[in-house]
Amino acid sequence: APISPKVASVFRPALFKGRVAIVTGGGTGIGKAITQELLHLGCKVMIASRNEERLKAAAKLMQDQLESNTSAELAHMQCNIRKEEQVKDLISSTLSRFGKLDFLVNNGGGQFPSPASGISLKGWHAVIETNLTGTFLCCREAFTQYMADHGGVIVNIIADMWKGFPGMSHTGAARAGVDNLTKSLAIEWAHHGVRINSVAPGSSIYSETAAANYGDASIFEATVPLVPAKRLGTVEEISASVCFLLSPAASFISGETLRVDAGASLYSTRWTIPDHNKIPAYKWSTDVDEDDMESDSPRTPS
Ligand code: ADE
């Protein structure tokens, strides 16, 4: 069968034949690339997203790319991962449609640029609920409804928040939470045959979705000098790392977070701090009361 020119993979073509995956946020950006590679490798994929119209359009496009004799199948379902009932429904509908659930890719998420001082409580909650709570709900339901009895593999997509995330502190906190959740679940669920890892893409991963979200493609160009590879990364480079972690090549890897950033998180920070003098050193007074010294300091011999 002709291989779709739109999709390439270093992995063997039928690697995920007979496997079933859920990819949240599977209609756009990194999630779409992951979905396309999973389909290319013969996987059956349920994509879920809050925005049904965008999801439908992406599903149609990827459906049309499917090779004629493939074992791959694609289904889509509207799901707001912040809503417990909708997440329960996503997992049970996937099980009804495909009969099993081998892989969960928690890619759905979102944030908006803002200094912390300008984040409303509503905005804060929205980002925490989508990125942290939504991921928790998807993990819990995949586990309780299927993986507890059958095992499975989970990959969470997080972010480069290793030195904090100035300018998007809400998502930094949420993604650091998912990093820690990954470790807890890796231990709690190991004896059920569940492996769970995270992938932390660098901010240098270019997707049209991300560029549109931040309203300005030039932020990506400004990133290039801070990337040791001196280029932007691609969504396909994230997808490859996700497929690796889902595959038996990673059968002894769990509780780990894989940074896919060409080393950028080791290199520098993009946050500029203006010159200022607002954090002065404490000025020790030479005018010390001797009685105070004696009563306060245990180092003073009595
Ligand atoms: N992608 C971004 N936000 C989402 C949400 N709340 N539910 C599902 N996918 C999403």
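**Helix packing and ligand shell**

Biologist: Let's start with H4 and helix H5 (residues 169–188): at roughly what angle do their axes cross?

Modeller: Bear in mind that this is a predicted model. In it, the axes of H4 and H5 come within 8 Å of each other. The angle at which they cross is roughly 15 degrees.

Biologist: Are H4 and H5 roughly parallel or roughly antiparallel to each other?

Modeller: Take the crossing angle of roughly 15 degrees. Angles under 35 degrees fall in one class, those over 145 in another. H4 and H5 are therefore roughly parallel.

Biologist: Is the crossing of H4 and H5 left-handed or right-handed?

Modeller: The axes here come within 8 Å. As for its hand, the crossing of H4 and H5 is right-handed.

Biologist: H4 also packs with H3, so what is the relation of H3 to H4?

Modeller: Helix H3 covers residues 84–98 and helix H4 residues 121–150, and their axes are 9 Å apart. They pack at an angle of about 45 degrees. With that angle, H3 counts as oblique. H3 passes H4 in a crossing that is right-handed too, but the relation you asked for is oblique.

Biologist: How far apart are the axes of H1 and H2?

Modeller: Helix H1 (residues 29–40) and helix H2 (residues 52–65) pack at an angle of about 25 degrees. That makes H1 roughly parallel to H2, and H1 passes H2 in a right-handed crossing. The distance between their axes is 11 Å.

Biologist: On to the ligand: which residue has a side-chain N or O atom 2.7 Å from a nitrogen atom of the ligand?

Modeller: Two backbone contacts can be set aside here. A polar backbone atom of Cys 79 is 3.3 Å from a ligand nitrogen, and a backbone N or O atom of Ile 81 lies 2.9 Å from a ligand nitrogen. The side-chain contact at 2.7 Å comes from Asn 80.

Biologist: What share of the ligand's accessible area does the protein cover?

Modeller: Besides Cys 79, Asn 80 and Ile 81, the residues around the ligand include Ser 49, Arg 50, Arg 82, Gly 109 and Thr 130. On its own, the ligand has 260 Å² of accessible area. The share covered by the protein is 89%.

Biologist: How many residues of that shell are polar?

Modeller: The shell has 2 nonpolar residues and 2 charged ones. The number of polar residues is 4.

Biologist: Last one: which residue between strand S9 and helix H9 has a positive phi although it is not a glycine?

Modeller: Lys 230, with phi near 55 degrees, sits in the loop between helix H7 (218–223) and strand S8 (233–234). The loop you mean runs between S9 (257–260) and H9 (264–267). The residue there with a positive phi of about 55 degrees is Ala 262.

Definitions and conventions. Residues numbered from 1 in each chain as written. Predicted model: local features only at pLDDT ≥ 70, side-chain atom pairs only at ≥ 80, totals over all residues. Heavy atoms only, no water. Near = heavy atom within 4 Å. Polar contact = N/O pair within 3.5 Å; in protein donor to acceptor, adjacent residues only side chain to side chain. Areas by Shrake-Rupley, 256 points an atom, 1.4 Å probe, with all protein chains shown as cover. Nonpolar A, V, L, I, M, F, W, Y, C, P; charged D, E, K, R; others polar. Axes fitted to C-alpha atoms, helices over the stretch in contact; angles between N-to-C directions. Helix = DSSP H or I, 4+ residues; strand = E, 2+ residues; numbered from the N terminus. Parallel < 35°, antiparallel > 145°, perpendicular 65-115°, else oblique. Left-handed = near helix turned anticlockwise from the far one by under 90°.
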